[in-house]
Amino acid sequence: MPKLLTRIAMALAPVAALLSAAPASAQVEVDVTGGISAPMPIAIPDMPAAAPAQTAAGSTTELGRQLAEVVRNDLKNSGLFRPLSSSMLQPVSFPQVTSPDFGYWGGTGAQALVQGFVRANGDGTLTVGCYLYDVFARTELTRQGFVVGPRDWRRAAHKCADTVYSRLTGEGPYFDSRIVYVSETGPKDHRIKRLAIMDQDGANHRFLTNGQTIVLTPRFAPNQQKIVYMSYENDRPTIYTYDLSSGRSQRLVSGASLAFAPHFSPDGRYVIFSMAQGGNTDIYRIPASGGSPQRLTTSPGIDTGGSYSPDGSQIVFESDRSGSQQIYVMNADGSNQHRISFGNGRYATPVWSPRGDLIAFTKITGDFRIGIMSPSGGGEKILTESWGDEGPSWAPNGRVLVFFRNTRGSGPAEIWSVDLTGVNERRIPTPLGGSDPNWGPLRP
Amino acid sequence: MARLTSKLIVAAALAATAGCAKKRPEVLPPAPAETAPTTTAPADNYGQNTGVQPGSAEDFKQSVVSDTVHFDTDKYDIDPQARSILDSQAQWLQKYPNVRITVEGHCDERGTREYNLALGERRANAAANYLIARGVAASRVNTISYGKERPIALGSNPEAWAQNRRAVTVVLG
């Protein structure tokens, strides 16, 4: 896979910067968690080509249109921005990229302006420039340039959207990332399940397994080169790893009658998982390269759904040792196990935010809903209202969650996302039904 | 595959017992490779179980009260009804000491996926332990949990969920 290079603006500026790149005191700001009612109006005109040229990904002129469309879509999907409609947009010439027509943009109501350009390089790569302006202050807020292989052109757009999002919200980026999930088709009693991977916006969708065996709960390795998942291969349900570059699967846990619920440690060295034996399920840890499992919990009952804190020092998991599913936290070596959920109903599938500040879970009170709480159990907040929402997974910036929504009867499950306000709920398009989504880290 | 096979045999057996009125189809489905030829030979009815090979999966299904026991929500204890079903299974299994079985544990859709895998294992294990306590050698008994992955009732209502909370004893061919 061609490597994406990030370069600072100097490396790509085709025309002299007319404005200081130093960010003005930010008059344009977006609050991610405040539950904003009015998304920020933002203008994102099509990106002009430095010079019309043909590339392996189409003409630079067409690419400029598509790049802007991906940036608009990302920012709109965040729920925090309202890209101006195309009728409000004025064409931008190449020299105008670094010298915006603030007079025009000020009249559109846009508070921020994203301009960019695309250039075909002699070596077949593309350079995409991305500039963010404060329309009222008439200042440049930030700029970034990206060099990508033609097949990775969408990644340049996601990086541009990430630059804008981060600069205006103060939050970490998340658009240049992927989701691995289980594609589903067929009636519930004969459902065919396949591992599949896609960009976070649903593009570049690809099936990884052929559907001959049930596969469940894929999760990315931190370096994104592998996926750990559960498979019923040979009617021996256990844990496998899938190598994304070779396309090969390998059994990780042997000799267990039932091993499931795998999650990588943040440093990628270990996988924690659950193993059931004689009606009792406990959490174990195994080196990611294989080996003998080390037992972390010993309570009678079902201990499962373990997920590491981002620093690797703790594990959040669910246990029914109290009589119903509840959330517990323990040290990574299994010591100091203590319960953190005490609300009504059952709590399941806890996952620790990559920022460390929150734990997301499935709450069962008749209906299944997605919720969040602090790692000490306080501040519980329910984000979704549905019949069957399950299995949250965090976006790399810890501010958005992906989960799946079951439908009644034999209908397909769907992949959805929701932000921490609970307001911006959105279906992520998939070719077939989908479940068990896992949002991978930001791509390098 | 095992399921399909047994369905074919049932069809053949039913056709055989339907009596003279029904004309048999000219071409019967071919006998599955792992099945003894007698199973599809209607002329040589074997005892009461017409055309069913003793000790076979089909014989098991016809001989026991049920191949399936059910459970309450989030429970895995063997109630009196389940006991009588498993007793009949244990009896049959003692008649055919070379037959191996897999006990499948299943759950309804009102539990999360990973928890249900563990709960299904509890149910399979509870049914298997009961059979073992009734004299079936542990070495003959395998368990597998399907969690909520293989429901038999597709509805999203209490009746369907009750049918799906089950442990199924499957005789291995």
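**Exercise 1. Determine how strands β21 and β22 of chain A are paired, and describe what joins them.**

*Solution.* In this predicted model, begin with the strands themselves: β21(A), residues 314-319, runs antiparallel to β22(A), and six bridges hold the pair in register as a pairing. Next, look for a facing pair of residues, and you will find A:I315 opposite A:M330 in β22(A). Then follow the chain from one strand to the other: β21(A) and β22(A) make a hairpin with six residues between them, and in the turn A:G323 has a positive phi of about 120°.

**Exercise 2. Work out which strand pairs with β23 of chain A, and list residues that stand opposite each other.**

*Solution.* The partner is β22(A), residues 326-331, and the two strands pair in the antiparallel sense over two bridges. Two facing pairs can be picked out, since A:Y328 stands opposite A:R339 in β23(A), while A:V329 stands opposite A:H338 in β23(A). These strands also form a hairpin with six residues between them, and A:G334 in the turn has a positive phi of about 95°.

**Exercise 3. Place the strands β20, β21, β22 and β23 of chain A in one sheet, and identify its edges.**

*Solution.* The four strands form an open sheet with antiparallel pairing, in the order β20-β21-β22-β23. At the edges stand β20 (303-308) and β23 (338-339) of chain A, each of which has a single partner strand, so one side of each is left without a neighbour in the sheet. As a last step, consider how covered β22(A) is: five of its six residues are buried, so that the strand is mostly covered.

**Exercise 4. Check whether the length of helix α3 of chain A agrees or disagrees with the expected span, and decide how enclosed the helix is.**

*Solution.* The helix covers residues 153-169, which is 17 residues, and at 1.5 Å a residue it should span 24 Å, where the expected span is 1.5 Å times one less than the number of residues. The end C-alpha atoms are 24 Å apart, which agrees with that expectation. For the second part, count the buried residues: 16 of the 17 in α3(A) are buried, so the helix is largely enclosed by the rest of the structure. Directly after α3(A) comes A:G170, whose phi is positive, near 75°.

**Exercise 5. Decide whether A:A51 is buried or exposed.**

*Solution.* First locate the residue, which lies in the loop between β2 (40-43) and β3 (54-55) of chain A. Then count its surroundings: 12 other C-beta atoms lie within 10 Å of A:A51, and because a residue with 12 or fewer counts as exposed, A:A51 is exposed. Finally, compare sequence with space, where A:A51 and A:V118 are 67 residues apart in sequence and 8.4 Å apart from C-alpha to C-alpha.

**Exercise 6. Describe the fold of chain B, starting from its helices and strands.**

*Solution.* Chain B has five helices and four strands, and along the sequence they follow the pattern α-α-β-α-β-α-β-α-β. The strands form an open sheet with mixed pairing in the order β1-β4-β2-β3, whose edge strands, β1 (68-70) and β3 of chain B, each pair on one side only. From one strand to the next the twist averages 20°. Within this sheet, β2(B), residues 101-106, and β4(B), residues 166-171, run antiparallel and are joined by six bridges, with B:E104 standing opposite B:V168 in β4(B).

Now add the helices. Helix α3(B), residues 80-95, lies across β1, β2 and β4 of chain B and runs at about 155° to β1(B), whereas α4(B) touches β1, β2, β3 and β4 of chain B, with its direction making about 155° with that of β3(B).

**Exercise 7. Find what chain B contributes to the contact with chain A and to the largest nonpolar core.**

*Solution.* The contact takes 22 residues from chain B and 32 residues from chain A. On the side of chain B, the elements that give two or more residues are α4 (113-133) and β3 (141-147), and α4(B) gives the most, with 10 residues. By type, this side divides into nine nonpolar, six polar and seven charged residues.

Turn then to the largest nonpolar core, which has 150 residues; among the members that touch the most others are A:F273 and B:A127. The largest share of this core, 10 residues, comes from α4(B). Leaving aside neighbours within four places in sequence, the contacts of A:F273 include A:I239, A:V253, A:F260 and A:Y284.

Technical notes. Residues are numbered from 1 along each chain as its sequence is written. Chains are lettered from A and ligands numbered from 1 in the order in which they are written. This is a predicted model: local features need pLDDT of at least 70, side-chain atom pairs count only at pLDDT 80 or more; totals for chains, interfaces and linings use all residues. Two residues are in contact if their C-beta atoms, placed from the backbone, lie within 7 Å. Ala, Val, Leu, Ile, Met, Phe, Trp, Tyr, Cys and Pro count as nonpolar, Asp, Glu, Lys and Arg as charged, and the others, Gly among them, as polar. Two strands pair if DSSP finds at least two bridges between them. Axes are lines fitted to C-alpha atoms, for helices over the stretch in contact, and angles run from 0 to 180 degrees between N-to-C directions. A residue is buried if 20 or more other C-beta atoms lie within 10 Å of its own, exposed if 12 or fewer, and partly exposed in between; C-beta atoms are placed from the backbone. A nonpolar core is a set of buried Ala, Val, Leu, Ile, Met, Phe, Trp, Tyr and Cys residues joined through C-beta atoms within 7 Å.
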